Amino acid sequence: MRENVRFLLGDELVEIASCDPTRTVLDWLRLDRRRTGTKEGCAEGDCGACTIVVGRLDGGRLRYEAINACIRFLPTLDGCHVLTVEHLRGSDGALHPVQQAMVDCHGSQCGFCTPGFVMSLLALWLNERSLSVQRIEDALAGNLCRCTGYQPIIAAAQRMNAAGREQNRFVAAMPTITARLKALADEETIAIGNGERHFYAPATVEALAELVSAQPQATLVAGATDVGLWVTKGMRRLDSVISLGRIDALREISDEGDHLRLGAMANQIAVRAALAGISPQLDEMMRRFGGEQVRNAGTIGGNIANGSPIGDLPPALIALGATLVLRKGNERRELPLEAFFLDYRKQDRRPGEFVEAVLVPKLQAGALYHISKISKRFDEDISAVCGAFHLRLDETGRVSDARLAYGGMAGIPKRAKAAEAALLGRSWDNAAAAAACAALAEDFTPLTDMRASAAYRLKVAGNLLRRFLIETTAPRTATRVAGLLAEAGHG
Ligand SMILES: Cc1cc2nc3c(=O)[nH]c(=O)nc-3n(C[C@H](O)[C@H](O)[C@H](O)COP(=O)(O)OP(=O)(O)OC[C@H]3O[C@@H](n4cnc5c(N)ncnc54)[C@H](O)[C@@H]3O)c2cc1C
Ligand code: FES
Ligand code: FES
């Protein structure tokens with residue numbers, strides 16, 4: 001057992017022996033360290049004003065990621081290199097190339113969002129050389145600016161790749177930082193707290209399994225992009241927290257031939273890259289999953305275990321036929337993903353169990369797959385409805401297998417069994433799609449909430465199916481599209 005948390009804040013080694021387990025990094029930076037360059041806008045991961053850059057060892061290599069300090073718990077920084085906006089200016093007062101580019105391109109007005117943008121740009125500058133406008137927009141989607149407008153900031157991102165990168169002190173320091181982080185790494189389980197409340201961070205899956213069995217009441221924390229909000233917005237008090245963040249083995253993704261095995265701690269960036277190999281549709285959907293800061297922190301295990309009816313990965317993976325691997329101690333059980341979701345926020349996770357991995361089948365030759373996410377905003381918004389569809393056709397073109405899964409249509413991510421039945425044995429055409437759309441009313445009685453009305457949800461769920469038909473059948477003749485629109489009531 002190790003009874004402290006250790007990380008690097010710039011060059012400084014920080015050791016913390018006592019800490020509220022859910023103290024946020026943002027509060028610690030601003031209130032304890034008076035590093036007030038990092039701002040608080042929303043305290044829920046949405047605005048990016050609190051963005052900092054955190055380096056961690058990934059397979060022995062130093063990898064920097066932009067994250068939201070407002071929803072990250074301080075003790076989860078163990079073993080990391082933390083950079084805040086104050087670190088950027090050189091001792092001679094010279095601005096970092098990223099800051100200089102923001103100045104040159106007039107990328108700031110009131111300045112409140114600026115440190116967050118600068119830190120998101122720093123992460124890009126550290127990791128990537130060639131930046132398309134779309135890549136820049138994706139990387140900045142988690143940063144909101146109310147006054148400058150985004151064009152000058154995008155221009156700054158295009159300009160910041162200045163010469164002399166290799167001589168820059170952050171790049172030059174990488175070998176030293178890597179060596180220092182390696183020296184901090186160990187396999188001891190961390191156990192700290194503030195007397196009443198406790199934080200644990202095992203370094204191996206075995207130690208995690210033992211700890212979760214012994215403390216089934218403890219809250220598991222992966223990326224904290226959901227749990228962080230329970231604390232900052234829900235004002236919940238978590239007495240015992242077990243962090244999964246130090247367990248590299250849980251981040252592994254492997255190709256097992258006919259399926260992928262994704263460790264529960266694979267973040268959404270890694271999950272996107274893996275799922276893109278199954279379908280470009282999944283790549284596009286994951287591009288719109290949160291903002292870059294959320295994708296860096298949030299994990300596949302957290303998205304599933306959270307049990308939200310509007311999480312995006314559950315419908316995507318249920319449609320593919322994914323299986324969940326749950327572990328308690330040394331025992332494992334496998335469950336079809338859809339069977340994990342029992343009722344609103346009620347999952348089939350037994351005391352002492354945790355999600356270890358997700359097994360995702362690849363698409364078979366000729367299979368049709370499509371996923372659509374409907375949200376009020378294109379970027380960084382939670383779905384109102386998400387529909388994922390997977391069909392297999394026999395040699396005569398008739399549907400031999402159908403998996404249609406929706407988020408946002410019920411208290412859980414759910415298959416549309418009646419709509420699936422309406423498709424089986426039929427040619428995949430307008431009539432079949434119309435029958436499936438009609439059957440959706442048997443499958444779902446959606447809610448009206450701030451994201452969408454019940455009527456809109458039912459309508460859009462059908463329209464997504466129609467879109468699936470249009471996207472997967474060729475040629476896309478005007479007649480076909482007109483027919484579909486007429487059936488949808490837009491003719
Ligand atoms: C600004 C913002 C935008 C977002 N956008 C999206 C979006 O577009 N789409 C979307 O689907 N979600 C979105 N989310 C929600 C969130 O990012 C995801 O659900 C994310 O995948 C959660 O993963 P995490 O690792 O952060 O989970 P955590 O917050 O750490 O945990 C979530 C839950 O899972 C449990 N848990 C975590 N790991 C395990 C495990 N291995 N075994 C058992 N239980 C576990 C925790 O105890 C907790 O109950 C957004 C969140 C924010 C703040
Ligand atoms: S303060 Fe808005 S994302 Fe953290
Ligand atoms: S410069 Fe004012 S919010 Fe961005």
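Q: Which residue in E19 is the bridge partner of glycine 387?
A: In this predicted model, glycine 387 has tyrosine 406 as its bridge partner in E19. The pair belongs to an antiparallel arrangement in which strand E18 (residues 385-393) and strand E19 are joined over 8 bridges.

Q: And what sits in the hairpin between E18 and E19?
A: The hairpin has 5 residues between the strands, and glycine 397 takes a positive phi near 85° there.

Q: How many residues of E19 are buried?
A: Strand E19, which covers residues 399-407, has 7 of its 9 residues buried, and it is therefore described as mostly covered.

Q: Which way does E20 run against E19?
A: Strand E20 (residues 414-415) runs antiparallel to E19, and 2 bridges join them. Within that pairing alanine 405 stands opposite arginine 415 of E20, while the hairpin that E19 and E20 form has 6 residues between the strands, with glycine 408 in the turn at a positive phi of about 85°.

Q: Switching to the open sheet, what is the strand order?
A: The order is E10-E11-E16-E12-E13, which makes an open sheet of 5 strands with antiparallel pairing. Strand E10 (253-255) and strand E13 (331-336) stand at the edges with a single partner strand each, so one side of each has no neighbour in the sheet. Direction ignored, neighbouring strands of this sheet are turned by 20° against each other on average.

Q: What holds E16 in there, bridge by bridge?
A: On one side, strand E11 (residues 259-263) is joined to strand E16 (residues 354-361) by 5 bridges, the two running antiparallel, and leucine 260 has valine 360 of E16 as its bridge partner. E12 also pairs with E16 in the antiparallel sense, over 5 bridges, and there leucine 326 stands opposite valine 355 of E16.

Q: How many bridges join E12 to E13?
A: Strand E12 (residues 323-328) is joined to E13 by 6 bridges, again with the strands antiparallel, and threonine 323 stands opposite proline 336 of E13. Their hairpin has 2 residues between the strands, and glycine 329 takes a positive phi near 55° in it.

Q: Where does the ligand come in, and which residues are closest to it?
A: Ligand 1 is surrounded by 31 residues, of which the closest are Gly45, Ala222, Gly223, Gly302 and Asn303. The elements that give two or more residues to this shell are strand E8 (219-221), helix H12 (292-297), helix H13 (300-305) and E16.

Q: Which element gives the most to the shell?
A: Helix H13 gives the most to the shell around ligand 1, with 4 residues.

Q: OK, now the core: which residues have the most contacts inside it?
A: Leu121 and Leu122 have the most contacts inside the largest nonpolar core, which has 143 residues. Helix H3 (residues 114-127) gives the most to this core, with 9 residues, and the core draws at least three residues from each of domain 1 (1-186) and domain 2 (309-491).

Q: How far apart are the centres of those domains?
A: The C-alpha centres of domain 1 and domain 2 lie 37 Å apart.

Q: Back to Leu122: buried or exposed, and why?
A: Leucine 122 is buried, because 25 other C-beta atoms lie within 10 Å, and a residue counts as buried at 20 or more. In broader terms, nonpolar side chains tend to be buried together in soluble globular proteins.

Q: What is leucine 122 in contact with, leaving aside its neighbours within four places in sequence?
A: With those neighbours left aside, leucine 122, which lies in helix H3, is in contact with Val53, Leu88 and Val98. Its C-alpha atom is also separated by 8.3 Å from that of alanine 66, although the two residues are 56 residues apart along the chain.

Q: And which residues is leucine 121 in contact with?
A: Again leaving aside the neighbours within four places in sequence, leucine 121 is in contact with Val98, Ala156, Ala157 and Met160.

Q: One last topic, E7: which strands does it pair with?
A: Strand E6 (residues 190-193) pairs with strand E7 (residues 198-201) in the antiparallel sense over 4 bridges, whereas E7 and strand E9 (residues 240-243) run parallel and are joined by 3 bridges. Tyrosine 200 takes part in both pairings, since it stands opposite alanine 191 and has isoleucine 242 of E9 as its bridge partner.

Key
Residues are numbered from 1 along each chain as its sequence is written. Chains are lettered from A and ligands numbered from 1 in the order in which they are written. This is a predicted model: local features need pLDDT of at least 70, side-chain atom pairs count only at pLDDT 80 or more; totals for chains, interfaces and linings use all residues. Two strands pair if DSSP finds at least two bridges between them. Axes are lines fitted to C-alpha atoms, for helices over the stretch in contact, and angles run from 0 to 180 degrees between N-to-C directions. A nonpolar core is a set of buried Ala, Val, Leu, Ile, Met, Phe, Trp, Tyr and Cys residues joined through C-beta atoms within 7 Å. A residue is buried if 20 or more other C-beta atoms lie within 10 Å of its own, exposed if 12 or fewer, and partly exposed in between; C-beta atoms are placed from the backbone. Domain bounds come from an automatic or database domain assignment. Two residues are in contact if their C-beta atoms, placed from the backbone, lie within 7 Å. A residue is near a molecule or strand if its C-beta atom, placed from the backbone, lies within 6 Å of it.
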